[in-house]
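Biologist: Could you take me through the labels people put on a model like this? I'd like to hear what stands behind each of them.

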Protein chains: 2
Amino acid sequence: MDFQTEYKKRTDEIEKVITAYLPKEEGYQKTVMEAMNYSFLAGGKRLRPMLMWETYRLFGGEAKVIEPFMAAMEMIHTYSLVHDDLPAMDNDEYRRGKETTWKVYGEAMGILAGDALLTYAFETAAKAFDLEPQNPGLGKAMQILAGKAGIFGMVGGQVVDVESENDTSMTKEKLDFIYRLKTSALMESSMRIGAVLAGADQEEQNAIGEIAGKVGLAFQIQDDILDVTSTMEVLGKPIGSDEKNHKITYVTYEGLKKAKEDVARLSEDAIAQLEGLSVKNEFLTELLRYLIFREK
Amino acid sequence: MDFQTEYKKRTDEIEKVITAYLPKEEGYQKTVMEAMNYSFLAGGKRLRPMLMWETYRLFGGEAKVIEPFMAAMEMIHTYSLVHDDLPAMDNDEYRRGKETTWKVYGEAMGILAGDALLTYAFETAAKAFDLEPQNPGLGKAMQILAGKAGIFGMVGGQVVDVESENDTSMTKEKLDFIYRLKTSALMESSMRIGAVLAGADQEEQNAIGEIAGKVGLAFQIQDDILDVTSTMEVLGKPIGSDEKNHKITYVTYEGLKKAKEDVARLSEDAIAQLEGLSVKNEFLTELLRYLIFREK
């Protein structure tokens, strides 16, 4: 398997699948639909839908029921970026080289577009009930989707992160909490939903949850490492932004050496655990390796 | 039946049911939980959960499966108020005599608390899958909950409303659109979810949808009428706020006389249609009458 060729091919497939769920830009509420689609189509690696799909395939899933959940997951990820960029939050005017949603459509529409994307994520996921009503994992998939996006998942991590700027009382435990919730949560829910909808048993679901937790944590630490060691040319965004924002990161807290060791250890653990399962998906194994050791 | 006594009794019951679903204020993310609960407990008539429960009872429903959906609906209503009040939106510092959420917790936390409430609404509703997994209406109830809160429901109406300030090109069609989506949508979804979860057939669901649409429209027109004719003492908030905000309302567009006639006509239609169903709930009939002809 040539990983890069396969990766490109699957990214294109995913783009087709998830954009098919975007709303048509029409009617009196056209502006918010434009703002939603602008945000969603502004780029991104579509990692979460890819992790979901590949985990679904790992457990033998091959139906369309996974597709609305893939789109929903990317909508949730997108809304979180739209709201993060708002003036009252990070006040970012550019993301991935493009103007942020609020910068193009105004602050009120930035708030509403995020709200609309979040709501549309659940509207989209709920379409799965029409595609495969007999799938016994649908209720649980909805629970995971909402649960890992909320106060015990992404939003919870985001809140603590916002409150922790210039926090001199930062502890290892608190830092782990932020990382586990802020980034890992959506990666974990992506992989868990893939497993649940493919009919994985409880033990397999738990294993996938643990693997995803390690991958998510390693992914976020690697992000911090790149913020220190990469160049703007490679990364496509200013480096040193964490330091500028007085963010305490894993790298500032543990040091670069320990951070790199932890990334290596977490990813080895995750891949060993994945390879210990009775089912195989070679591409998923390679994908985890690629995500963690990426250079941008 | 003494309506006022029953109304009070049921409001108390609902308060108990829905507040049981609020998150405990604990852990690192405590602040956002406090902000969520502050917003949720700031008052409100709990109309939407009441409409849901009474419609559920109308069709013979008597299980707990309705409860997470009642709480979820009120959370969605609450999040919409929290975000509406933000500085970039209506910039309101007070609601129901209390400081608004962003005023107490800051603008960033106001955005996050709204996001958290919206996500928690779906997390809460999804708990119904554990309570009554065999209920065949659960998937459809999730579809209605999300659909009527989003771009083809409440958010869609809100967007057009925001864009229509000082809109000299306002038409009757557009005004109806705003009213149908902005207020009616959640009342309609409340009643539809009650019907679906109680096992009402398709024809009954459609009738409930029509009744709710009329009630919602009449309710919003009455709101506009009160904004012109009531006093601050009765209403508990400044009157004339629509004029101050240059809002084109049903009353400015159609005139007070026609507005009052339409409220009467819509409510008569709705109640006649409700009484034409083969099932009865005397309290629900009285409730619709009360909601429409309320004085605050």
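Modeller: Let's start with contact: two residues are in contact if their C-beta atoms, placed from the backbone, lie within 7 Å. Helices (H or I, at least four residues) and strands (E, at least two) are DSSP runs, numbered from the N terminus. With that in hand, B:Val263, B:Ser267, B:Ala270, B:Ile271, B:Leu274 and B:Glu275 in H15(B) meet B:Thr285, B:Leu288, B:Arg289 and B:Ile292 in H16(B).

Biologist: And what sort of model is it, and how are things numbered?

Modeller: This is a predicted model, where local features need pLDDT of at least 70, side-chain atom pairs count only at pLDDT 80 or more, and totals for chains, interfaces and linings use all residues. Residues are numbered from 1 along each chain as its sequence is written, while chains are lettered from A and ligands numbered from 1 in the order in which they are written.

Biologist: What makes the residues between H15(B) and H16(B) nonpolar, polar or charged?

Modeller: It's a plain list: Ala, Val, Leu, Ile, Met, Phe, Trp, Tyr, Cys and Pro count as nonpolar, Asp, Glu, Lys and Arg as charged, and the others, Gly among them, as polar. Sorted that way, the contact of H15(B) with H16(B) has six nonpolar, two polar and two charged residues.

Biologist: Why is H15(B) called roughly antiparallel to H16(B)?

Modeller: Axes are lines fitted to C-alpha atoms, for helices over the stretch in contact, and angles run from 0 to 180 degrees between N-to-C directions. Angles under 35 degrees count as roughly parallel, over 145 as roughly antiparallel, 65 to 115 as roughly perpendicular and the rest as oblique. Helix H15 (residues 256–275) and helix H16 (residues 282–292) of chain B pack at about 170°, with their axes 10 Å apart. That angle makes H15(B) roughly antiparallel to H16(B).

Biologist: What makes H8(A) and H10(A) roughly antiparallel to each other?

Modeller: Their axes cross at roughly 180° and come within 9 Å, so the pair is roughly antiparallel by that rule. On the H8(A) side you find A:Lys140, A:Ala141, A:Ile144 and A:Leu145, meeting A:Ser189, A:Arg192, A:Ile193, A:Val196 and A:Leu197 in H10(A). That contact divides into six nonpolar, one polar and two charged residues.

Biologist: How do you know that A:Asp2 is exposed?

Modeller: Count neighbours: a residue is buried if 20 or more other C-beta atoms lie within 10 Å of its own, exposed if 12 or fewer, and partly exposed in between, with C-beta atoms placed from the backbone. A:Asp2 has 8 other C-beta atoms within 10 Å, so exposed is the verdict. A:Asp2 is found in the segment before helix H1 (3–19) of chain A.

Biologist: And why does A:Asn91 count as exposed?

Modeller: A:Asn91 has 11 C-beta neighbours inside 10 Å, so that residue counts as exposed too. A:Asn91 lies in the loop between helix H4 (66–84) and strand E1 (94–95) of chain A, and its phi is near 55°, a positive value in a residue other than glycine.

Biologist: What makes B:Arg96 exposed?

Modeller: B:Arg96 has 11 other C-beta atoms within 10 Å, which means exposed. B:Arg96 sits in the loop between strands E1 (94–95) and E2 (98–99) of chain B and has a positive phi of about 50° although it is not a glycine.

Biologist: Why is H9(B) described as largely enclosed by the rest of the structure?

Modeller: Eight of the 10 residues of helix H9 (residues 154–163) of chain B are buried, so the label fits. Among them are B:Met154, B:Val155 and B:Gln158. The buried residues of H9(B) pack against H2 and H6 of chain A together with H4 and helix H10 (172–197) of chain B.

Biologist: How do you know that the buried residues of H15(A) are on the same side?

Modeller: The buried ones are A:Ala259, A:Val263, A:Leu266, A:Ser267, A:Ala270 and A:Leu274. They cover an arc of only 95° around the axis, which puts them on the same side of H15(A); the arc is that of the directions from the helix axis to the C-beta atoms. The face turned away from the buried side carries exposed residues, including A:Lys257 and A:Glu261.
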